[in-house]
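Q: I'd like to learn how to read a protein-DNA model feature by feature. Can you walk me through one?

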There are 2 protein chains.
Amino acid sequence: MSTPGRGLHGRVLDSLGPAITAGEYPAGSVLRTDELAQRFEVSRSVMREAVRVLESMHLVESRRRVGVTVLPECEWNVYDPQVIRWRLAGADRPRQLRSLTVLRSAVEPVAAGLAARLATPEQCAELTECALGMVANSRGHRLEEYLFHDVAFHRVVLTASGNEMFARLGGVVAEVLAGRTHHDVMFEDPDPAAVTLHVQVAEAVRARDAERAEELTRQITVGALHELDILAP
Amino acid sequence: MSTPGRGLHGRVLDSLGPAITAGEYPAGSVLRTDELAQRFEVSRSVMREAVRVLESMHLVESRRRVGVTVLPECEWNVYDPQVIRWRLAGADRPRQLRSLTVLRSAVEPVAAGLAARLATPEQCAELTECALGMVANSRGHRLEEYLFHDVAFHRVVLTASGNEMFARLGGVVAEVLAGRTHHDVMFEDPDPAAVTLHVQVAEAVRARDAERAEELTRQITVGALHELDILAP
DNA sequence: GCCTCTTGAATTAGTCGTACCTAATGGGTT
DNA sequence: AACCCATTAGGTACGACTAATTCAAGAGGC
């Protein structure tokens, strides 16, 4: 995922970022740049660059005469894809998945409604194609192929909404769906009802029926919430 | 806003960040670290730290033998509060406000529904207090006081939803509301209907009526969409 | 005697400049 | 066309110095 080895400071981040987001250093913990540089066997310059990045994510704060202070969770840039990945890889993965699924349940229906008004013919075709791909792989434990089309489907919807903020959630949805397939539930074939809903959403978007697209997508996300035992909003 | 002078690299970012997000350097433009360091009259170390931060926001990409390449807009971390601020301060402020308002229209109703189920008594009280503050300042051109309570109201709703992703949008909503008061529409007293809706949302949350809280908040956000001439989703 | 204010020493991040390494790139050679 | 090498710009390391902030010791006042 992303670019693991984009320099030494990247290696440091790949170690330090997950450690911080996992709560290994409680809020208020103080780290010293030189000590960290020694621990990771890099120069101070490299460590400083890593700290700057963590600072831009609001994971830490650097102050003179004090050191690098870990900030409380409520300060973190939880929308930063890197932070999301670190947290999904860590111990509170379930909590993170719940947060993201609730976000999906808010965003995706609205995005689908907008997509029904704004999608280009090409995007409508893509959507239908994805839905058909899901149908074709919904039986016989073809989970990977199913996931591929599922992710593509939601990406197209979010992109077709014409809203850049929605479009940028494509990666998040991909992570959530992949997580569901690989780690958590879904050991058997996907729910046929969900597959049908995706096909119907594609139809609604093609038919420019915004309300129907929104309502159908809402049903999809409600299903996702139930899978995680979240009370439906 | 935030911390303007958190070191030399911060100064550089305050210049370079807005320039990039404003499109002064089109996607694909190549900058050289040394040249930038000279231009901003800082050492290469400081410039490198600034570039690292821009890189973590996916505004630029640094490659050997090439330089620092500006990435296309679709790659940017548009949820980074710093990026949002830079873009709101720039030329495509209107487009940014539209994006954010659409995001609000998706998130806030769901957040209000959750808040109705999860808000603590203290949060219910805060909400009522904010709504009353809005009423008290809804006449007589007390725009600043009205804005203050409006922002506080939405912040409480987002926080009370119990979802960290929603809670972190409090700052975004604050920017949007402040922008509406200071730059764009609203030269006269706020719409009485909107004020009433806020009071009713506070009541619905207090009464644990999730559906009503969600629907009323949807009406508020639909109003915000109309103010910006966005077709209601 | 206790409290407060001042002062200064210790500490740690911030900045700078240099030197050298590494890897892409492009052109020249075979 | 394949290969090789010089060029170039970022990557890393190190050392010296600066500046801000904290903490504690001591002076002064109550």
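A: Sure. One idea to start with: a polar contact is a pair of N or O atoms within 3.5 Å. Keep in mind that this is a predicted model. With that cut-off in hand, look at Arg44(B): an N or O atom in its side chain is 2.9 Å from a base oxygen of DNA strand D.

Q: Which sugar or linking oxygen contacts does DNA strand D have with Ser62(B) and Arg64(B)?
A: Ser62(B) puts a polar side-chain atom 3.3 Å from a sugar or linking oxygen of the strand. For Arg64(B), a side-chain N or O atom is 3.0 Å from a sugar or linking oxygen of DNA strand D. As for the elements behind this surface, those giving two or more residues are helix H3 (44-56) of chain A, plus helix H2 (33-40), helix H3 (44-56) and strand S2 (60-63) of chain B.

Q: Which residues come nearest to DNA strand D?
A: There are 23 residues around the strand, and the nearest are Leu8(A), Arg63(A), Arg65(A), Thr33(B) and Arg65(B). By class, the surface near DNA strand D breaks down into 12 charged, six polar and five nonpolar residues. From the DNA side, 73% of the strand D atoms within 4 Å of the protein belong to sugar or phosphate, and the rest to bases.

Q: Now the other strand. Which residues come nearest to DNA strand C?
A: Out of 23 residues around DNA strand C, Arg44(A), Arg48(A), Leu8(B), Arg63(B) and Arg64(B) come nearest. Sugar and phosphate make up 73% of the strand C atoms that come within 4 Å of the protein.

Q: Where do arginine side chains meet the bases of DNA strand C?
A: Arg44(A) has a polar side-chain atom 2.8 Å from a base oxygen of DNA strand C. Arg44(B) has a side-chain N or O atom 3.4 Å from a base nitrogen of that strand. Away from the bases, a polar side-chain atom of Arg64(A) lies 3.1 Å from a sugar or linking oxygen of DNA strand C. The elements giving two or more residues to this surface are helix H2 (33-39), H3 and strand S2 (60-63) of chain A, together with H3 of chain B.

Q: How do I read the interface between the chains?
A: Start with contacts and area. Here 39 residues of chain A are in contact with 39 residues of chain B. The two chains bury about 3700 Å² between them, with 58% of it on carbon and sulfur atoms. Tyr79(A), Met165(A) and Arg168(A) supply 20% of the area chain A buries against chain B, more than any other three residues.

Q: How many salt bridges cross the interface of chain A and chain B?
A: The rule finds six. One case to look at is the pair Arg48(A) and Glu49(B), whose side chains meet at 3.0 Å, N to O. There are also 21 residue pairs in polar contact across the interface. On the chain A side, H5(A) gives the largest share, 12 residues. By class, that side has 19 nonpolar, 13 charged and seven polar residues.

Q: One last residue: is His198(A) buried or exposed?
A: The cut-off for buried is under 20% relative accessible area. His198(A) has 3%, so this residue counts as buried. It is found in helix H10 (residues 192-206) of chain A, and its side chain makes a polar contact of 3.0 Å with the side chain of His154(A). Leaving aside neighbours within four places in sequence, the contacts of His198(A) include Ala131(A), Phe153(A) and Ile220(A).

Conventions: Residues are numbered from 1 along each chain as its sequence is written. Chains are lettered from A and ligands numbered from 1 in the order in which they are written. This is a predicted model: local features need pLDDT of at least 70, side-chain atom pairs count only at pLDDT 80 or more; totals for chains, interfaces and linings use all residues. Side-chain values use heavy atoms; hydrogens and water are left out. A residue is near a molecule or strand if one of its heavy atoms lies within 4 Å of it. A polar contact is a pair of N or O atoms within 3.5 Å; within protein, one must be able to donate a hydrogen and the other to accept it, and residues adjacent in sequence count only if both atoms are side-chain atoms. Helices (H or I, at least four residues) and strands (E, at least two) are DSSP runs, numbered from the N terminus. Ala, Val, Leu, Ile, Met, Phe, Trp, Tyr, Cys and Pro count as nonpolar, Asp, Glu, Lys and Arg as charged, and the others, Gly among them, as polar. Contact means heavy atoms within 4.5 Å. Buried area is the accessible area (1.4 Å probe) that two parts lose on being put together, summed over both. A salt bridge is a side-chain nitrogen of Lys or Arg within 4 Å of a carboxyl oxygen of Asp or Glu. Buried means under 20% relative accessible area, exposed over 50%, partly exposed in between (1.4 Å probe, protein chains only).
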